[in-house]
Amino acid sequence: MRDTAPAATITAPDTADFARALLAGLSAPAKSIPCRFLYDAAGSALFERITELPEYYPTRTETRILRERAVEIARDAAPGNVLIEFGSGSSTKTELLLAEMHQLYAYVPVDISPAALTDAQARIKQRFAQLRVLPVCGDFSHPLALPAEIDGRPRLGFFPGSTIGNLTELAAVALLANMVGIVGSGARLIIGADLKKDERRLIRAYDDEEGVTAAFNLNLLKRANRELNADFDVGQFDHLATYDARHGRVDLYLVSQTHQTVNLLGKRIAFAAGERVHTEHSHKYDIEGFQELAGRAGWRPLKVWTDAEALFSVHVLEAA
Ligand code: AVJ
């Protein structure tokens with residue numbers, strides 16, 4: 001099942017941006033690296049492998065919900081509507097919806113990466129030759145104009161993958177509020193959100209047997225060596241996934257096994273034995289909690305579906 005790197009703030013930023021963020025993040029008293037840097041070519045390939053792991057339930061569960069509910073979900077897309085996808089990397093999921101949404105006026109993938117948009121357009125055109133595809137290159141965490149061609153047409157946003165979970169609460173509300181601004185009041189949003197569940201199950205999903213998630217996390221250090229000529233001894237760091245019940249989130253860290261120093265862009269960065277570098281948040285919600293969060297951003301809950309095990313949720317919201 002194909003599910004490429006999610007978008008939001010997380011698509012192929014350039015090396016200068018990586019250099020700046022890494023220096024800042026590793027110079028702070030509590031070290032961290034922004035999660036958007038996980039998705040270079042190697043990281044995106046590892047993420048695709050993660051989505052196929054037996055322990056990693058989110059992708060296959062959301063896909064199953066969308067497959068089973070596609071006809072019902074498509075009822076929200078009357079002829080003449082426009083489907084706007086935030087991030088264009090989730091072809092399988094998008095195609096499940098498009099297959100049931102007949103006579104859409106257009107499909108508008110929004111992505112910060114021109115390459116991702118070109119890919120998405122080619123893929124969709126191949127299967128839905130009649131569909132008008134209007135790609136928008138831009139950052140949907142900021143105000144963004146949609147093509148004038150869709151002015152006045154009813155809009156349906158699509159933001160799958162629980163990408164929203166990467167953001168802290170405040171940032172998630174800000175992103176959702178910005179989406180209201182992009183799609184306009186009266187528009188709807190189909191959005192996937194991972195659910196709270198047994199802690200062991202969560203940890204297994206982020207610390208798999210095969211070590212793919214560990215490789216995904218450690219790739220940040222390899223990337224620093226490749227792109228910035230740093231000298232991280234990658235074998236001297238461990239992958240760690242924890243669950244923070246207070247914030248309802250899985251946190252990923254890289255943990256220094258020993259006291260060590262690393263050369264990075266002319267600076268020496270010291271790591272104490274056992275010191276952690278935070279690399280990703282993955283928030284988990286309950287249905288009401290997510291609806292409340294969306295409500296603070298100006299979205300009213302309309303519908304929600306989950307799987308039989310209540311692992312994952314797909315919400316339909318309406319912009320007030
Ligand atoms: C793409 C943000 C949804 O948080 O589950 C998977 C990323 N990180 N395994 C998630 C991820 C480690 C993933 N999201």
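**Notes on the ligand site, sheets and a helix pair**

1. A polar side-chain atom of Y56 lies 2.5 Å from an oxygen atom of the ligand; a polar contact here is a pair of N or O atoms within 3.5 Å, and within protein one must be able to donate a hydrogen and the other to accept it, with residues adjacent in sequence counting only if both atoms are side-chain atoms. Bear in mind that this is a predicted model, where local features need pLDDT of at least 70 and side-chain atom pairs count only at pLDDT 80 or more, while totals for chains, interfaces and linings use all residues. Residues are numbered from 1 along each chain as its sequence is written, and side-chain values use heavy atoms, with hydrogens and water left out.

2. Staying with the ligand: 14 residues surround it, and the closest are Y56, G161, Y206, E280 and S282 (near means a heavy atom within 4 Å). Y206 has a side-chain N or O atom 2.5 Å from an oxygen atom of the ligand. For S282, a polar side-chain atom sits 2.6 Å from a ligand oxygen atom.

3. Now the seven-stranded sheet. The sheet is open, with mixed pairing and the order 3-2-1-4-5-12-11. Strands are DSSP runs of E with at least two residues, helices are runs of H or I with at least four, and both are numbered from the N terminus; two strands pair if DSSP finds at least two bridges between them. Strand 3 (136-137) and strand 11 (299-306) are at the edges with a single partner strand each, so one side of each has no neighbour in the sheet.

4. At the strand 11 edge, seven bridges join strand 11 to strand 12 (residues 312-319), and the two run antiparallel. K303 stands opposite V316 of strand 12, and R300 has E318 as its bridge partner there. The hairpin of these strands has five residues between them, and A310 takes a positive phi near 55 degrees.

5. The other sheet to look at is open too, with three strands in the order 6-7-10 and antiparallel pairing. Strand 6 and strand 10 (276-283) stand at its edges, each with a single partner strand, so one side of each is left without a neighbour in the sheet. The twist averages 20 degrees from one strand to the next. Eight bridges join strand 6 to strand 7 (residues 249-256), and D238 is opposite V255 in strand 7.

6. Have a look at D244, which belongs to strand 6 (residues 237-244). A polar atom of the D244 side chain is 3.1 Å from the backbone nitrogen of R246. Leaving aside residues up to four places away in sequence, D244 touches R249 and D251 (contact means heavy atoms within 4.5 Å).

7. Helix 8 (residues 212-228) lies across strand 6, strand 7 and strand 10, at about 55 degrees to strand 7. Axes are lines fitted to C-alpha atoms, for helices over the stretch in contact, with angles from 0 to 180 degrees between N-to-C directions.

8. Last, a helix pair. The axes of helix 4 (residues 91-98) and helix 5 (residues 114-127) come within 11 Å and cross at roughly 35 degrees. On the helix 4 side S91, T94, E95 and L98 meet R123, I124 and R127 of helix 5.
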